[in-house]
Amino acid sequence: IALNPKPRNYTKDAFKNGDKPENVFKTISDGIKNTPMVGFAHLPEPERWALAHYVLELRKAGPAGPSR
């Protein structure tokens, strides 16, 4: 099954609003206008910060190996 739009590849795709924690936090909180990315301001602030740091860790981890 193909997804449309194609899911984001956190290991190599550019971040539309920057790749600093505060930029990713703002994107998670506010979403990105005119895209499928909705905001999650309803989540508690500590959870949004945790998600921002997690997303950035995915980039550091690099691409996953082939699935088995």
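**Exercise 1. Locate His 53 in the fold and decide whether it is buried, partly exposed or exposed.**

His 53 is found in helix H2, which spans residues 45-61; helices here are DSSP runs of H or I with at least four residues, numbered from the N terminus. The model is a predicted one, in which local features need pLDDT of at least 70 and side-chain atom pairs count only at pLDDT 80 or more, while totals for chains, interfaces and linings use all residues. Residues are numbered from 1 along each chain as its sequence is written, and side-chain values use heavy atoms, with hydrogens and water left out. For the accessibility step, buried means under 20% relative accessible area, exposed means over 50%, and partly exposed lies in between, with a 1.4 Å probe and protein chains only. His 53 has 41% relative accessibility and therefore counts as partly exposed. As a last step, compare positions: His 53 and Ala 41 are 12 residues apart in sequence, and their C-alpha atoms are 16 Å apart in space.

**Exercise 2. Describe the surroundings of Ser 29.**

Begin with the element, which is helix H1, residues 21-30. Ser 29 has a relative accessibility of 7%, so it counts as buried. Next, list its contacts, meaning heavy atoms within 4.5 Å: once neighbours within four places in sequence are set aside, Ser 29 touches Gly 39, Phe 40, Ala 41 and Arg 48.

**Exercise 3. Find the salt bridges in the whole structure and place each in its helix.**

Side chains of opposite charge can pair when their charged atoms come close. The criterion is a side-chain nitrogen of Lys or Arg within 4 Å of a carboxyl oxygen of Asp or Glu, and a search of the whole structure finds two such bridges. One joins Lys 26 to Asp 30, with 2.7 Å from N to O; because these residues are four apart in helix H1, about one helical turn separates them. Another joins Lys 60 to Glu 57, whose closest N and O atoms are 3.1 Å apart, and these residues, being three apart in helix H2, are likewise separated by about one helical turn. Lys 60 is exposed at 66% relative accessible area, whereas Glu 57 is partly exposed at 42%.

**Exercise 4. Identify the aromatic pairs and classify their geometry.**

Rings of Phe, Tyr and Trp (its six-membered ring) pair if their centres lie within 6.5 Å, and planes under 30 degrees apart count as stacked, over 60 as edge-to-face and the rest as tilted. By this rule there are two aromatic pairs. The rings of Tyr 10 and Phe 15 have centres 6.4 Å apart and planes at 35°, so this pair is tilted. Tyr 10 is partly exposed at 33% relative accessibility, while Phe 15, at 15%, is buried. Phe 25 and Trp 49 form a stacked pair, with 4.1 Å centre to centre and 10° between the planes. This pair links distant parts of the chain, since Phe 25 lies in helix H1 and Trp 49 in helix H2, 24 residues apart. Phe 25 is buried at 13% relative accessibility, and Trp 49 is partly exposed with a relative accessible area of 29%.

Conventions. Helices (H or I, at least four residues) and strands (E, at least two) are DSSP runs, numbered from the N terminus.
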